[in-house]
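Walk through this structure with me, from the overall layout down to single residues. Keep the viewer open as you read.

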Amino acid sequence: MALPLLLPLLAVGPASAAEPAPMPLGNVRSLHPGDPLAVTAVSGQAVNGDTITSPVLQKAGRMRMTAPRLTAAVTIACDARPGTYPLTLTSAGAARPAERAAPWAHIRVEPADEAARRACRNKVKKMPPPDREEHWAAHTT
């Protein structure tokens with residue numbers, strides 16, 4: 001699969017009911033520790049089970065079908081330090097994931113003082129877990 005050619009078509013944005021704004025290859029999104037993030041792609045741009053990683057994420061996210069898009073929900077870690085970090089997509093079928101990882105966007109983590117980090121930890125504890133249920137289009141077999 002020509003993964004590097006498809007990656008500019010992916011989008012990333014704050015996790016919410018609103019549609020995330022597209023974030024083409026090479027763009028940077030500013031976020032704070034504890035901020036949720038929804039990474040979305042249309043089927044064919046990524047596949048179910050692809051992994052979204054970054055050193056500043058609380059944990060990796062998995063692409064899941066939420067028709068008509070694939071979505072991975074992730075959260076910026078409360079201990080993330082200020083700076084710019086890659087957001088990477090790894091193919092679900094990669095035998096050696098490190099060799100198939102493709103950075104396609106960057107996250108700029110904004111500074112947070114200790115009080116903000118404490119508030120972040122409380123906020124993250126109260127967040128519901130990501131929805132693991134998949135929603136496929138009716139005509140999908």
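What follows goes from the whole chain to strand pairing, then to one helix and a loop residue. The model is predicted.

Start with the inventory. The protein has three helices and nine strands. Read from the N terminus, the order of elements is α-β-β-β-β-β-β-β-β-α-β-α. The protein has 141 residues, and 38% of them count as buried. Its accessible surface is about 7900 Å². Carbon and sulfur atoms own 57% of that surface. Now take the contacts between residues at least 6 apart in sequence: 63% of these join residues at least 24 apart.

Next, find strand β7, residues 69–75. Strand β3, residues 36–42, pairs with β7. The sense is antiparallel, and seven bridges make up the pairing. One position to check is A38, which stands opposite A73 of β7. Further along, look at A41, which also belongs to strand β3. Is A41 buried or exposed? A41 is buried, because its relative accessible area is 2% and the cut-off for burial is under 20%. Measure the path from A41 to L70 in two ways. Along the sequence, the two are 29 residues apart. In space, their C-alpha atoms are 5.1 Å apart.

Strand β7 has another partner to inspect. Strand β6, residues 64–66, pairs with β7 in the antiparallel sense, here over three bridges. T66 has R69 in β7 as its bridge partner. A hairpin makes the connection from β6 to β7, and two residues form the link. P68 sits in this loop between β6 and β7. Stop at the peptide bond between A67 and P68. Which form does this bond take, cis or trans? The bond is cis, with omega at about 10°. For background, most peptide bonds are trans.

Move to helix α3, residues 114–126. The helix has 13 residues and spans 19 Å from first C-alpha to last. That is close to the 18 Å expected at 1.5 Å a residue. At the start of α3, D113 makes an approach with its side chain: one of its oxygens comes to within 3.3 Å of the backbone nitrogen of A115.

Which residues of α3 are buried? They are R117, C120 and V124. Viewed down the axis of α3, these buried residues fall within an arc of 50°, so they line one face of the helix. The cover over the buried residues of α3 includes β7. Turn to the face of α3 that points away from the buried side, and you meet the exposed residues K125 and K126.

Finish at H32. Its place is the loop between β2, residues 28–31, and β3. H32 counts as partly exposed because its relative accessible area is 42%, and that class lies between the 20% and 50% cut-offs. What does H32 touch, once neighbours within four places in sequence are set aside? H32 is in contact with I76, E110 and P111. Compare H32 with T75 as well. They are 43 residues apart in sequence, and their C-alpha atoms are 9.7 Å apart in space.

To recap, β7 pairs with β3 over seven bridges and with β6 over three. Strand β7 is also part of what covers the buried residues of α3.

Methods:
Residues numbered from 1 in each chain as written. Predicted model: local features only at pLDDT ≥ 70, side-chain atom pairs only at ≥ 80, totals over all residues. Heavy atoms only, no water. Pairing = 2+ DSSP bridges. Helix = DSSP H or I, 4+ residues; strand = E, 2+ residues; numbered from the N terminus. Buried < 20%, exposed > 50% of the residue type's maximum accessible area, 1.4 Å probe, protein only. Contact = heavy atoms within 4.5 Å. Areas by Shrake-Rupley, 256 points an atom, 1.4 Å probe, with all protein chains shown as cover. Expected span 1.5 Å × (residues − 1). Arc of directions from axis to C-beta. Polar contact = N/O pair within 3.5 Å; in protein donor to acceptor, adjacent residues only side chain to side chain.
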